[in-house]
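Reader: I'd like to go through this one with you, a question at a time. Can we start with the charged pairs and work inward from there?

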Amino acid sequence: MFRLWGKIWKDNHMLKDTVICDDSEDTRTHKIFHALQEICYEFDLANPIWLDKTINDFKRHSKTRFYQDNFVETIEFDYLEIQVIEED
């Protein structure tokens, strides 16, 4: 089971969160991209852009934050955070 936790933060308060579960036989990368797409759909957001900093943070900690720089549209929160909470 693969689970990715998505959270929206503003002023150090979590506004929304969701957990996406994936039991497919896809690669870890595909599971991450698919889960992020599901999180963005649920939160009604455009998919963020993976910058070098977000990629490096995710590789190092299995967790990263997407700020305004990662989105084409203006966002009404401080950042979207994703974190792997379970891997098989």
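Reader: Is Arg3 buried, partly exposed or exposed?

Author: Keep in mind that this is a predicted model. Buried would need a relative accessible area under 20% and exposed one over 50%. Arg3 has 29% relative accessibility, so Arg3 counts as partly exposed.

Reader: Which residue does the side chain of Arg3 meet in a salt bridge?

Author: The partner sits in strand E4, while Arg3 is in strand E1, so the pair ties together parts that are 83 residues apart in sequence. Like Arg3, the partner is partly exposed, at 31% relative accessibility. The N to O distance is 2.9 Å, and the residue is Glu86.

Reader: What about Lys31, which residue does it form a salt bridge with?

Author: Lys31 belongs to helix H1 and its partner to the segment after E4, so this pair links parts 57 residues apart in sequence. Lys31 counts as buried because its relative accessibility is 6%, whereas the partner is exposed at 68%. The closest N and O atoms are 3.8 Å apart, and the partner is Asp88.

Reader: Which residue does Asp57 meet in a salt bridge?

Author: Look inside helix H2, residues 52-61, where the two partners are four residues apart and separated by about one helical turn. Asp57 counts as buried at 19% relative accessibility, while the other side chain belongs to an exposed residue with 56%. The N to O distance is 2.9 Å, and the partner is Lys53.

Reader: How many salt bridges does a search of the whole structure find?

Author: Besides the pairs we've been through, Lys7, Arg65 and Glu81 are linked in a network of salt bridges. Searching the whole structure, the total number of salt bridges is six.

Reader: Staying with Arg65, which residue is its bridge partner in E4?

Author: Arg65 is in strand E3, residues 63-66, on the uncovered face with Lys63, while Thr64 and Phe66 make up the covered one. E3 and E4 run antiparallel and are joined by four bridges. In E4, the residue paired with Arg65 is Glu81.

Reader: Now the inside: which element gives the largest share of the largest nonpolar core?

Author: That core has 19 residues, and those touching the most other members are Leu4, Ile39, Leu45, Phe77, Leu80 and Ile82. Two or more residues come from each of strand E1 (2-10), helix H1 (28-42) and strand E4 (79-86). The largest share is five residues, and it comes from H1.

Reader: Phe77 is on that list, so which residues is Phe77 in contact with, leaving aside neighbours within four places in sequence?

Author: Phe77 is among the core members that touch the most others, and Leu45 from that same list turns up again among its contacts. With the sequence neighbours left out, the contacts of Phe77 are Ile8, Trp9, Lys10, Leu15, Leu45 and Phe71.

Reader: Which loop holds Asp11, the non-glycine with a positive phi?

Author: Most residues other than glycine have a negative phi. Asp11 has a positive one of about 55°, and Asn12 has one of about 60°. Both are exposed, Asp11 at 54% relative accessibility and Asn12 at 69%. Asn12 is placed in the loop between E1 and E2, and Asp11 also lies in the loop between E1 and strand E2 (13-22).

Reader: How far apart in space are His61 and Trp9?

Author: His61 lies in helix H2 and is exposed, with a relative accessible area of 54%. In sequence, His61 and Trp9 are 52 residues apart; in space, C-alpha to C-alpha, they are 19 Å apart.

Reader: Stepping back, what pattern does the protein follow along the sequence?

Author: There are two helices and four strands to place. Read along the sequence, they give the pattern β-β-α-α-β-β.

Reader: And what is the radius of gyration of the protein?

Author: The C-alpha trace spans about 35 × 25 × 20 Å along its principal axes, and buried residues make up 36% of the 88 residues. A compact globule with 88 residues would have a radius of gyration near 12 Å, and the protein agrees with that, at 12 Å.

Note on methods: Residues are numbered from 1 along each chain as its sequence is written. This is a predicted model: local features need pLDDT of at least 70, side-chain atom pairs count only at pLDDT 80 or more; totals for chains, interfaces and linings use all residues. Side-chain values use heavy atoms; hydrogens and water are left out. A nonpolar core is a set of buried Ala, Val, Leu, Ile, Met, Phe, Trp, Tyr and Cys residues joined through side-chain atoms within 4.5 Å. Buried means under 20% relative accessible area, exposed over 50%, partly exposed in between (1.4 Å probe, protein chains only). Contact means heavy atoms within 4.5 Å. Two strands pair if DSSP finds at least two bridges between them. The radius of gyration is taken over C-alpha atoms; the globule rule is 2.2 Å times the number of residues to the power 0.38. A salt bridge is a side-chain nitrogen of Lys or Arg within 4 Å of a carboxyl oxygen of Asp or Glu.
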